[in-house]
Amino acid sequence: MKGKGLKISALAILAMSMLAGCGSGNNANNNTNAPAETAAANNGNAQASAPAESNGPSWQKDTSPFTFTQYFYGNWASNYLWKDQFAMKLATQKTGVTIDRKLATGSDDDYLNTMIASGDLPDTIMLDWNNPAVTKLIKNGMVYSMDELMEKYAPDFKAQLDPDMVKYHSIDGKLWYLPNLYETADRLTSGVPITPIRPWFIRSDIYAAIGSPAIQTPDDLENALKLAKEKFPDVSPVGVEFFDVAKNGFHGSNSMDYLIYSFSPHLLEERVKDDQQIVEYPMRNKGFIDAFRFLNKLSLEGLFDPQLLIYKQEQYEEKLYGAQYAVASQFMNNMYTQYNPKIESTLGKEQAYTILDGLKVNGQDPRYPASRLMGWQGLFITKNAKNPERIIQFAEYAWSDEGQMDMRYGTEGETYDMVDGLPKYKQDILDMSVKDNATFNSKYGFNDSTLLFRAGKLWDDASARDLKESQPVQYEAMKMLEKYNFDNYSLGMENLEPDGATAEGTINAKVKDLWNKTIPKLILSKSDAEFDSAYNEFVKQMDQVGAEKVEKVMYQRHLEDLKKKGL
């Protein structure tokens with residue numbers, strides 16, 4: 001999700017899967033790459049010092065100490081830094097490789113664009129594959145194609161890749177990156193249930209105190225918030241994550257998807273106007289705007305804190321850890337493995353959060369788009385890399401069954417056992433992953449190491465089993481929302497936005513800026529008339545800067561996406 005919505009979806013998939021070492025429960029059941037369980041298990045204890053076979057994997061040919069640098073696009077990702085975690089040490093022990101992973105100290109976009117402009121790039125970059133900067137990296141000859149490096153240094157690697165993934169992610173006939181967290185059709189209905197949105201939750205004791213009413217519609221939610229405010233005046237009625245169109249896409253806040261896909265369940269299809277040969281900006285869609293109108297209604301009722309419009313993520317999370325919202329939005333897995341455990345240990349179990357069901361508008365169920373093959377970030381190897389040979393060979397290790405098992409489960413007999421043909425953490429580690437996820441991440445680093453997750457029936461099945469056994473409440477919550485998912489793969493709505501270096505890209509940036517400034521005006525409007533005036537002025541300005549030119553380009557990119565998928 002760019003479609004920033006894609007990113008949001010992929011992030012949700014990554015987060016929910018951290019519980020059971022399955023990547024973002026993120027990886028597809030890929031028939032092409034279905035691992036041999038016994039091979040993965042038997043390879044799990046190979047030592048870096050073992051003599052390499054002449055015909056073995058390329059990464060085994062040189063396991064001498066080697067460090068490469070990597071910039072990760074996402075300054076929030078402190079868990080992903082290589083320190084002394086088990087998975088990181090295991091990867092180094094086997095391959096000799098250490099990743100010196102760095103994060104931006106300020107704005108990711110400013111940091112990345114400065115690196116590109118100066119040419120001062122690290123050895124590798126983990127970057128959303130449809131970030132506008134990707135075009136600059138490729139056109140300016142700043143990154144290697146994976147095809148070139150695999151052919152020279154890892155000749156058996158390409159055969160491990162899903163042909164459909166290679167076809168979709170290739171640009172001008174070449175694969176320039178390896179995508180992390182791509183899904184296949186089978187994965188959408190197997191493994192850990194997918195929750196492609198940030199769900200909304202209600203504090204358990206507040207819910208009980210207001211009589212545990214059914215919350216099935218926006219009106220039900222509004223009434224529940226009113227009761228919550230009346231009985232708990234010191235608690236903020238509703239909490240949503242920060243608003244930033246540049247970072248989160250046109251939805252503004254990651255929390256908005258819960259509302260948007262209720263008020264506009266067919267948003268993606270409705271944006272495509274074949275008769276006009278355009279893909280509309282979502283801001284022209286009535287249901288999309290009605291989602292913001294609902295927040296405005298909450299604001300008028302004193303149920304929405306204006307500070308949320310300027311809060312940084314850290315400020316929002318601090319209040320969430322303190323259970324200071326009656327209703328709050330968060331990644332499914334984060335709520336159940338980070339926030340609720342902390343709340344229970346410091347404030348009491350009664351203040352933990354309970355999932356809300358999807359909201360129905362005009363009698364319609366919500367629809368949450370979940371796609372496949374798209375992935376989240378890609379691994380790029382830059383022309384500044386001092387030893388691209390070792391890096392592509394390390395990528396082959398990370399992509400292999402052995403590497404996947406190492407980064408998810410570690411060493412058989414030490415951190416996991418095979419139970420009924422599937423890997424399972426030792427009980428103390430499994431308990432830690434549920435009750436103290438922060439310590440689990442910092443000690444073991446499973447899911448945080450190489451960031452090259454791919455499909456695998458072995459770990460998909462294992463993660464679903466473990467989640468169901470160890471986190472039945474979370475599992476049932478995910479199953480409850482799963483029924484609203486639909487596969488939007490055939491709609492061709494990925495990577496619609498124009499190249500930032502084009503005239504249309506410049507227009508698109510202006511539209512984003514206008515919309516970013518308009519969102520607070522809409523939410524804080526003092527009347528319906530003021531809301532309508534602010535919205536109409538935005539549409540007028542959007543059209544004046546040339547929005548329709550972008551919508552025509554997005555239609556062409558929509559057709560290109562369908563063509564790449566063979567649809």
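**Exercise 1. Find the residue that follows helix H17 and work out what its phi looks like.**

Step 1. Go to the end of H17 and take one step along the chain: you land on glycine 410, with a positive phi near 90°. Helices here are DSSP runs of H or I with at least four residues, strands are runs of E with at least two, and both are numbered from the N terminus.

Step 2. Before going on, know what you're looking at: this is a predicted model, where local features need pLDDT of at least 70, side-chain atom pairs count only at pLDDT 80 or more, and totals for chains, interfaces and linings use all residues. Residues are numbered from 1 along each chain as its sequence is written, and side-chain values use heavy atoms, with hydrogens and water left out.

Step 3. Now look back at H17 itself, residues 401–409: nine of its nine residues are buried, so the helix is largely enclosed by the rest of the structure. Buried means under 20% relative accessible area, exposed means over 50%, and partly exposed is in between (1.4 Å probe, protein chains only). Among the buried residues are Asp401, Glu402, Asp406 and Arg408.

**Exercise 2. Which residues other than glycine have a positive phi, and are they buried or partly exposed?**

Step 1. Recall the background: most residues other than glycine have a negative phi.

Step 2. Check serine 212, whose phi is near 50°. Serine 212 sits in the loop between H8 and helix H9 (218–231), and it's partly exposed, at 40% relative accessible area.

Step 3. Check asparagine 447, where phi is positive at about 80°. You'll find asparagine 447 in the loop between helix H19 (437–444) and helix H20 (457–470). Asparagine 447 is buried, with a relative accessible area of 0%.

**Exercise 3. Lay out the four-stranded sheet that contains S9.**

Step 1. Write down the order: S6-S9-S5-S10, an open sheet with mixed pairing. Two strands count as paired if DSSP finds at least two bridges between them.

Step 2. Mark the edges. Strand S6 (236–239) and strand S10 (353–355) each have a single partner strand, so one side of each is left without a neighbour in the sheet. Neighbouring strands are turned by 20° against each other on average, direction ignored. For such angles, axes are lines fitted to C-alpha atoms (for helices, over the stretch in contact), and angles run from 0 to 180 degrees between N-to-C directions.

Step 3. Add helix H15 (residues 332–346), which packs on the sheet, touching strand S5 (200–203) and S10; the direction of H15 makes about 155° with that of S10. Contact means heavy atoms within 4.5 Å.

Step 4. Sort out the directions. S6 and S9 (residues 325–329) run parallel, joined by three bridges, while S5 and S9 run antiparallel, also with three bridges.

Step 5. Pin down the partners. Serine 236 bridges to tyrosine 325 in S9. Valine 327 of S9 stands opposite valine 238 and is also the bridge partner of isoleucine 202.

Step 6. Check the cover on S9: five of its five residues are buried.

**Exercise 4. What does aspartate 205 touch?**

Step 1. Place the residue: aspartate 205 belongs to helix H8 (residues 204–209).

Step 2. Look for a polar contact, meaning a pair of N or O atoms within 3.5 Å; within protein, one must be able to donate a hydrogen and the other to accept it, and residues adjacent in sequence count only if both atoms are side-chain atoms. The side chain of aspartate 205 makes one with the side chain of arginine 203, at 2.8 Å.

Step 3. Leave aside neighbours within four places in sequence, and aspartate 205 is in contact with Phe232, Glu350 and Gln351.

**Exercise 5. Which residues have the most contacts inside the largest nonpolar core?**

Step 1. Define the core: a set of buried Ala, Val, Leu, Ile, Met, Phe, Trp, Tyr and Cys residues joined through side-chain atoms within 4.5 Å.

Step 2. The largest one has 82 residues, and Phe243, Leu259, Phe304 and Trp515 have the most contacts inside it.

Step 3. Zoom in on tryptophan 515: beyond its neighbours within four places in sequence, its contacts include Val245, Phe250, Met283 and Phe538.

Step 4. Don't miss the second, separate core of 59 residues, which includes Met150, Val166, Tyr416 and Leu452.
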